[in-house]
Amino acid sequence: EMCIRDRYQRRVRVIHCIFNSVMQLNLLSLSFFSLLFFASTLSQTFNDTCVRHPDRTECADYILPENIVQENLKSICAQYPMAAGCSVWKFCKTHSLRKIDPTYCNSFSIYADLCANDFPASKGCLNFNSLCSVESTVLECYDREPIPNLPTTKQLNSWFLSWCKGSEMMGCDKCPVDSTPPGTLMNCDLLGAFSRMCILMPGMRHCNSWKSFCQSVPDWSDYCSTDNGENDDSDPAMQMFFHWSIKDYVLFRSWVPRNGWQYALSCLFVIALSFAYQVLQLLRNRLESRKAAQSLQSEHLLGLETNVKRYEPRAERFLSLTLPRALLQTAELAVAYLLMLIVMSFNGGLFLILLLGGFLSALVLGDFFVRHSELTKVGCH
C-alpha cells in the first residue's frame, strides 16, 4: 500500500507542475497579445487623428499606410474603371520600375491623380480629401504630387467623342462611341485610346494636352511612344508634312513597309506604276493617231476632196476607237490618281522614287512617242 500511495502522490505532483506551467504560459501570451492590441489601437488612433486633423504639427511626417491607399484605389477603380488614374495604376503594375521613371508610379501619387481633380466625390477619396485639405501639414500631400498635365477622365471622354462621334477614323473603335448614352463616361481605357489617336495624328485638336502630359513622363511608351522604327507592329503616324520614315502607309492600311527590303519593294512598285502611266498614254495616243491616219488614207483612196468628210458607221467607230480610247483613258486616270495618293502620303523617299520613275519612263519610252508622231505625219501626206 505504501508503494502505491507514493506513486499516486508523485503523479499528482507532476500533473500539478504541468498545470502551473501551462497557466504561466497562458498569462504571458495573454499579456503579449494585449500589448500588441494596445499598440495597434494606439497606432490606429494616431492614424485616424492625422486623417481627421491633418493640420496638427505632429502629423507633418505622417504617411498614409500603403494598405489603405491600395484599398481606396481598388474602390475607385471598381467604380470608375475608365478613369485616367486607373489606367496609370495598371500601367505601373505591369511595367518594371527599372525601365520607367517611378516618380509618378507611387501609389499615393496615383491616388492623388484620381482624387485631386478627377473624382473627388468618390467614396474612395474620403481619406485623401480629409488628409490633404487646404490646412493640411502632411508633407506627403505636397511631396507626392499628381502627374503634371494629366487630362481628367471627363476631358478625355469629351475630346474622344468630339473626334469619333459619327466618324470612322482610325482608332475610334477602341471605345464604344455610338453605344454610350449621352452624358455618361465610355467604359474603355480612355487615356490609352486618346494617346493612340494623338500618336497616329499628333496635329489633331486637343493633342497639345497629350504632348504636355508626355513631357512629364516621356518613357511611358504605352501612352507617349512616337517611335516609328522598323519591325514595329504598331500603326505608323499620319504625318501631314514631308518626312523620311520607312514605316508608312502605301495606298492601303495593310500595306505598311516595316524594314528596308519591304520599302525597296514599295519603291519598285512606284517605278512600275510610273511606267504604266506612260505606257497607257502611249497606247491611247497611238490609237487616236492610227485611227486618224486610216481615215485620211481612206479619203485619199476614194479620191474625195479635202473639204468633204467620210462618215464611218457609228457602230464600227465605237468598237474601233471610242470604246478602246475610253478604257485606256479610264485606266490612265486610275494610275494617275494612285500616283497622286502616294505623293499625298508625304513620304519623301516615295516622292523622289516617283520622280525617278517618271524620268526613267520618259527616257525609255520617249523615242516611241517621237517615232510614232513622225510616222503619223508621214501618213498624212
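This briefing covers the fold, helix packing, aromatic pairs and selected loop residues of one chain. The model is predicted. The chain has 13 helices and zero strands, and buried residues make up 36% of its 381 residues. Of the contacts with a separation of 6 or more, 66% are between residues 24 or more positions apart.

**Overall fold**

- Read along the sequence, the pattern is α-α-α-α-α-α-α-α-α-α-α-α-α.
- The secondary structure therefore comes to helices, 13 of them, with zero strands, since strands would need DSSP runs of E of at least two residues.

**Packing of H3 with H4**

- Two packed helices are described by the angle between their axes and the distance between the axes.
- The axes of H3 and H4 come within 8 Å and cross at roughly 175°.
- H3 and H4 are therefore roughly antiparallel, because an angle over 145 degrees counts as such.
- On the H3 side the contact involves Ala 84, Gly 85, Cys 86, Val 88, Trp 89 and Cys 92, and on the H4 side Ile 110, Leu 114 and Asp 118.
- By class, the residues of this contact divide into seven nonpolar, one polar and one charged.
- Because Gly counts as polar and Asp as charged, the polar residue of the H3 and H4 contact is Gly 85 and the charged one is Asp 118.
- Trp 89, one of the H3 residues in this contact, also has the charged end of Lys 93 over its ring, 4.0 Å from the ring centre.

**Packing of H8 with H9**

- The axes of H8 and H9 come within 10 Å and cross at roughly 105°.
- This angle lies between 65 and 115 degrees, so H8 and H9 are roughly perpendicular to each other.
- H8 contributes Leu 191, Phe 194, Ser 195, Cys 198 and Ile 199, while H9 contributes Cys 207, Trp 210 and Phe 213.
- The contact of H8 with H9 has seven nonpolar residues, one polar residue and no charged residues.
- The polar residue here is Ser 195, because Ser is not among the types that count as nonpolar or charged.

**Aromatic pairs**

- The count of aromatic pairs comes to ten.
- One of them joins Phe 91 and Trp 220, with 5.0 Å centre to centre and 40° between the planes, and is tilted.
- Phe 91 is in helix H3 (residues 84-94) and Trp 220 is in the loop between helix H9 (207-216) and helix H10 (221-224), so this pair ties together parts that are 129 residues apart in sequence.
- Phe 91 counts as buried at 3% relative accessibility, and Trp 220 counts as buried at 0%.
- In another pair, the ring centres of Phe 108 and Tyr 111 are 6.1 Å apart and the planes are at 80°, so the pair is edge-to-face.
- Both Phe 108 and Tyr 111 belong to helix H4 (residues 107-118), where they are three residues apart, about one turn of the helix.
- Phe 108 is buried, with a relative accessible area of 2%, and Tyr 111 is buried at 0%.
- Phe 91, Phe 213, Trp 220 and Tyr 223 form one aromatic cluster.
- Phe 213 of this cluster is also one of the H9 residues in the contact with H8.

**Loop between H12 and H13**

- Ser 345 lies in the loop between helix H12 (314-343) and helix H13 (348-380).
- At a relative accessible area of 16%, Ser 345 is buried, because the cut-off is under 20%.
- Leaving out residues up to four places away in sequence, Ser 345 touches Gln 239, His 243, Asp 248, Tyr 249 and Leu 350.
- Phe 346 lies in the loop between H12 and H13 as well and counts as partly exposed at 23% relative accessibility.

**Positive phi**

- Most residues other than glycine have a negative phi.
- Phe 346 is not a glycine, yet has a positive phi of about 60°.
- Leu 251, also not a glycine, has a positive phi of about 70°.
- Leu 251 is placed in the loop between H10 and helix H11 (260-301) and is partly exposed, with a relative accessible area of 28%.

**Loop between H7 and H8**

- Asp 173 lies in the loop between helix H7 (153-164) and helix H8 (190-200).
- Asp 173 is exposed, with a relative accessible area of 63%.
- The C-alpha atoms of Asp 173 and Ala 193 are separated by 9.0 Å, and the two residues are 20 residues apart along the chain.

Technical notes: Residues numbered from 1 in each chain as written. Predicted model: local features only at pLDDT ≥ 70, side-chain atom pairs only at ≥ 80, totals over all residues. Heavy atoms only, no water. Phe/Tyr/Trp six-rings, centres within 6.5 Å; stacked < 30°, edge-to-face > 60°. Helix = DSSP H or I, 4+ residues; strand = E, 2+ residues; numbered from the N terminus. Buried < 20%, exposed > 50% of the residue type's maximum accessible area, 1.4 Å probe, protein only. Lys NZ or Arg CZ within 6 Å of the ring centre and 35° of its normal. Contact = heavy atoms within 4.5 Å. Axes fitted to C-alpha atoms, helices over the stretch in contact; angles between N-to-C directions. Parallel < 35°, antiparallel > 145°, perpendicular 65-115°, else oblique.
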